[in-house]
Amino acid sequence: MKTIKVSLNSIDKVKTFVNDINRFDFDFDLVSGRYVIDAKSIMGIFSLDLSKPIDLNIHAEGDSLQEVLKTLEQYEV
């Protein structure tokens, strides 16, 4: 598992983020305070405070993890 900080501060950014991570078969969790949300759930994401960066837990390893990180570069803080 790897954790990165992501910024999802607009509706369009949330939509493209969900589309990007849905291409992968791994689990992704967004952690904001005590809340843990499935990052593939657009409704779940909108229940979080998106005004500040959020921790994203990526449950992938090896070459697959590198591919995921490359895809998520545009959201990383």
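A residue counts as buried when its relative accessible area is under 20%. By this criterion Ala-39, with a relative accessibility of 0%, is buried. The structure described here is a predicted model, and the same criterion is applied to the other residues discussed below.

The protein contains 3 helices and 4 strands, and from the N terminus these elements follow one another in the order β-α-β-β-α-β-α. For a chain of 77 residues, a compact globule would be expected to have a radius of gyration near 11 Å, and the value of 11 Å found for the protein agrees with this. The C-alpha trace extends over about 30 × 25 × 20 Å along its principal axes. Buried residues make up 39% of the 77 residues. The accessible surface amounts to about 4700 Å², and carbon and sulfur atoms account for 48% of this surface. Of the contacts between residues at least 6 apart in sequence, 66% join residues at least 24 apart.

The 4 strands form an open sheet in the order β1-β4-β2-β3, and their pairing is antiparallel. The edges are occupied by β1 and by β3 (residues 35-38); each has a single partner strand, so one side of each has no neighbour in the sheet. On average, neighbouring strands are turned by 30 degrees against each other when direction is ignored. Helix α3 (residues 62-72) packs on this sheet and touches β1, β2 and β4 (54-59). The direction of α3 makes about 150 degrees with that of β4.

Strand β2 (residues 27-32) is joined to the antiparallel strand β3 by 4 bridges. Within this pair, Ser-32 has Tyr-35 of β3 as its bridge partner, and Asp-29 stands opposite Asp-38. The two strands form a hairpin with 2 residues between them. Gly-33, in the turn, has a positive phi of about 65 degrees.

In helix α1 (residues 11-21), the buried residues are Val-14, Phe-17, Val-18, Asp-20 and Ile-21. These residues cover an arc of only 160 degrees around the axis and therefore lie on the same side of α1. Ile-11, Asp-12 and Asn-19 are exposed on the other side of the helix. The packing partners of the buried residues of α1 are β2, α2, β4 and α3.

Helix α3 has Leu-65, Val-68, Leu-69, Thr-71 and Leu-72 as its buried residues. Viewed down the axis of α3, these residues fall within an arc of 160 degrees, so they line one face of the helix. The face turned away from this buried side carries the exposed residues Asp-63, Gln-66 and Lys-70. The buried residues of α3 pack against β1, α1, β2 and β4.

Three individual positions were examined in further detail. Ala-39 is located in the loop between β3 and α2 (residues 42-46). Apart from its neighbours within four places in sequence, Ala-39 contacts Phe-17, Val-18, Ile-21, Phe-28, Asp-29, Leu-30, Ile-45 and Leu-56. Phe-17, Val-18 and Ile-21 are among the buried residues of α1. The C-alpha atoms of Ala-39 and Val-18 are separated by 7.0 Å, although the two residues are 21 residues apart along the chain.

Val-6 belongs to strand β1 and is buried, with a relative accessibility of 0%. When residues up to four places away in sequence are not counted, Val-6 touches Leu-30, Pro-53, Ile-54, Leu-56, Tyr-75, Glu-76 and Val-77. Leu-30 and Leu-56 are also found among the contacts of Ala-39. The C-alpha atoms of Val-6 and Ile-42, which are 36 residues apart along the chain, are separated by 15 Å.

Ser-7 lies in the loop between β1 (residues 2-6) and α1. With a relative accessible area of 15%, Ser-7 is buried, because the limit for this class is under 20%. Beyond its neighbours within four places in sequence, Ser-7 is in contact with Lys-13, Tyr-75 and Val-77. Tyr-75 and Val-77 are also touched by Val-6.

Notes
Residues numbered from 1 in each chain as written. Predicted model: local features only at pLDDT ≥ 70, side-chain atom pairs only at ≥ 80, totals over all residues. Heavy atoms only, no water. Buried < 20%, exposed > 50% of the residue type's maximum accessible area, 1.4 Å probe, protein only. Contact = heavy atoms within 4.5 Å. Pairing = 2+ DSSP bridges. Axes fitted to C-alpha atoms, helices over the stretch in contact; angles between N-to-C directions. Rg over C-alpha atoms; globule rule 2.2 N^0.38 Å. Areas by Shrake-Rupley, 256 points an atom, 1.4 Å probe, with all protein chains shown as cover. Arc of directions from axis to C-beta.
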